[in-house]
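Here are some short exercises to work through with the model open beside you. Try each task before you read its solution.

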Amino acid sequence: MDDQRSTRQKVLWWVAGAAVVVYALFPVAWIFSLSLKSSADLGNQQFLPTSVVWENYEMILAGDAQSLFLSGLRNSIGVSLIATFIAVVLSTFCAYAIARLDFPGKRVILTTALAVAIFPVISIVTPLFNLWRNIGLYDTWPGLIIPYLSLTLPISIWTLSAFFRQIPWELEQAAQVDGATTWQAFRKVIVPLATPGVFTTAIISFFIAWNDFVYGISLTSTESARPVPAALAFFTGASQFEEPAGAIAAAAVIVTIPVVVLVLLFQRQIVSGLTQGAVKG
Amino acid sequence: MSTTQDVPTGKVTSTAPPAGLSDRARSERRLGWWLAGPAFVVMLLVTAYPIAQAFYESLFKYRLTDPDAREFNGLGNYAVILTDGVWWQAVAVTVLITVITVAVEAVLGFALALVMHRALSVLRPVLRTAILVPYAIITVVSAFAWLYAFDINTGFVNQWFSWLPGISEDTNTFGSFGPSVTVIILSEIWKTTPFISLLLLAGLAQVPEDLQEAAKVDGATWWQRMYKVTIPNMKAAIMVALLFRTLDAFRLFDNVFIMTQGANNTEVVSFLAYRQTISRLEIGLGSAVSVLLFLSVVLISVVFIKLFKVNLASARGEG
């Protein structure tokens with residue numbers, strides 16, 4: 001199809017493509033540029049720094065803001081990974097049952113997953129805030145991991161069951177006919193087919209947990225559990241009268257790096273995971 | 001509609017009453033619930049239980065700083081909220097932001113999807129990667145990027161656009177309602193349009209190519225093909241994308257928290273609930289706001305599903 005297009009059309013598509021890339025990356029480029037400005041340079045009202053300095057990164061990794069940022073990073077990574085892991089394990093069993101087994105209530109489970117996915121998060125926070133204070137889960141890792149499941153579990157069930165529906169399960173029987181044992185057939189045939197779906201689901205679910213702000217800001221009060229997005233709201237400048245913009249920008253860049261790396265490596269899988277979950281592509 | 005039709009194992013679906021089930025079918029049912037049950041129960045525990053708790057607490061006059069004064073208040077909290085201008089102001093702002101973002105995103109997302117769908121094959125992975133960056137980035141990071149770009153001290157926007165009427169080097173964007181809401185909307189649009197465009201891209205891929213070709217042969221213009229062939233054929237995808245985004249926009253919180261903290265009347269419903277509960281420790285009132293927000297979301301879903309006949313099952317290829 002591509003070669004039918006005239007040179008003029010090709011140029012137009014390149015321009016359109018370039019516009020999309022600029023749209024997507026411009027704010028990211030800006031926050032990176034901001035993170036390279038010295039504190040005196042922050043107010044230069046320009047896009048680019050007058051001279052590139054790394055003092056903001058020093059401040060959050062080794063300086064005054066170190067404990068706030070690094071503890072936030074540790075909490076974010078730990079809580080998001082555990083919440084993702086639990087969601088993926090539970091939803092793998094669930095999606096397997098939905099795709100493979102004949103039992104009543106499948107539609108109820110999928111509808112519930114959808115309802116939970118669109119649930120207003122703040123409505124969960126209000127009661128949990130009070131409950132967590134009473135039972136000692138306020139400002140702890142489990143106190144975040146449990147509500148994070150409301151974010152990670154529905155999307156995992158929804159995405160994985162769409163993936164699992166497309167696996168040609170007959171292959172398992174075919175392998176058994178060819179002399180493989182049940183376990184061999186499962187391990188050699190089904191596991192390689194299912195792994196990409198499970199892995200993609202884990203990435204998408206991690207993004208959602210990593211993005212959380214409402215739970216992070218409401219259910220924590222100290223560095224012992226506060227995740228990065230919430231910690232960013234507590235940054236202050238080097239002195240009381242200075243803008244914390246540089247330090248916040250540097251921290252923002254650091255927490256964006258893992259996300260960009262995952263996107264670069266797995267863009268194809270992420271797109272298919274996102275779209276299969278909602279619209280069968 | 002049987003829930004078992006879409007099982008791709010080629011098994012004969014059993015519609016017989018449970019009494020007539022074979023042992024095998026019965027044990028399969030049991031296994032199904034053993035496998036799916038834990039996920040289902042956990043989902044209910046982390047949402048249904050809190051919202052029930054919120055409803056219960058919304059019936060009391062209860063402030064954490066004064067627990068002894070806790071007393072049953074019936075629907076009093078709801079009466080207080082629904083007769084207060086603060087609530088209606090927050091609802092109006094939330095609806096305003098939701099309507100504008102979803103409308104702009106539908107158009108922009110469709111344009112992005114078209115570019116990705118028709119892009120030269122060498123460009124496609126590049127575009128996909130670029131478009132996923134806003135989707136995957138932390139909302140708070142996006143909020144800070146847009147805040148600092150427009151901020152009177154750190155921003156470059158005033159400088160760049162000082163030739164426009166109304167913008168000068170010392171325009172305080174976050175000093176009044178209109179400009180603040182505009183930047184909140186811009187950040188929201190930037191961050192969430194990619195999700196819409198990916199859903200629409202999947203919808204575009206489902207439009208039969210031969211229909212397009214036939215319309216082209218018949219001499220239909222680009223616009224005619226768009227309105228008569230492409231859009232009707234991807235209606236399900238469009239409606240699902242709009243429903244998801246509307247509900248997502250309605251619970252907007254992060255951008256408002258970071259950029260304005262509700263200043264200049266930019267308070268949205270989620271932020272109102274947060275402020276009542278977490279800042280003012282008014283558990284009763286905060287819970288009532290939460291319940292009202294929840295009911296609004298239910299109402300929006302019902303309207304979409306009944307009025308626009310969004311069939312979520314058919315969108316998944318099940319119908």
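**Exercise 1.** Find how many residues each chain brings to the contact between chains A and B.

*Solution.* Begin with the count: chain A supplies 90 residues and chain B 97, where contact means C-beta atoms, placed from the backbone, within 7 Å. Next, look for the top contributor on the chain A side: helix H11 (residues 245-278) of chain A gives the most, with 15 residues. Helices here are DSSP runs of H or I with at least four residues, numbered from the N terminus. Finally, sort that side by class: 64 nonpolar, 16 polar and ten charged residues. Ala, Val, Leu, Ile, Met, Phe, Trp, Tyr, Cys and Pro count as nonpolar, Asp, Glu, Lys and Arg as charged, and the others, Gly among them, as polar.

This is a predicted model, in which local features need pLDDT of at least 70 and side-chain atom pairs 80 or more, while totals for chains, interfaces and linings use all residues. Residues are numbered from 1 along each chain as its sequence is written, with chains lettered from A and ligands numbered from 1 in written order.

**Exercise 2.** Describe the span 245-266 of chain A.

*Solution.* First check the record: an unreviewed UniProt entry lists residues 245-266 of chain A among its "transmembrane region" features, and such annotations may be inferred rather than shown by experiment. Then turn to the model: the span is 100% helix and 0% strand, its end C-alpha atoms 31 Å apart. For residues 189-210 of chain A, also listed, the figures are 100% helix, 0% strand and 33 Å.

How values were computed: Two residues are in contact if their C-beta atoms, placed from the backbone, lie within 7 Å. Helices (H or I, at least four residues) and strands (E, at least two) are DSSP runs, numbered from the N terminus.
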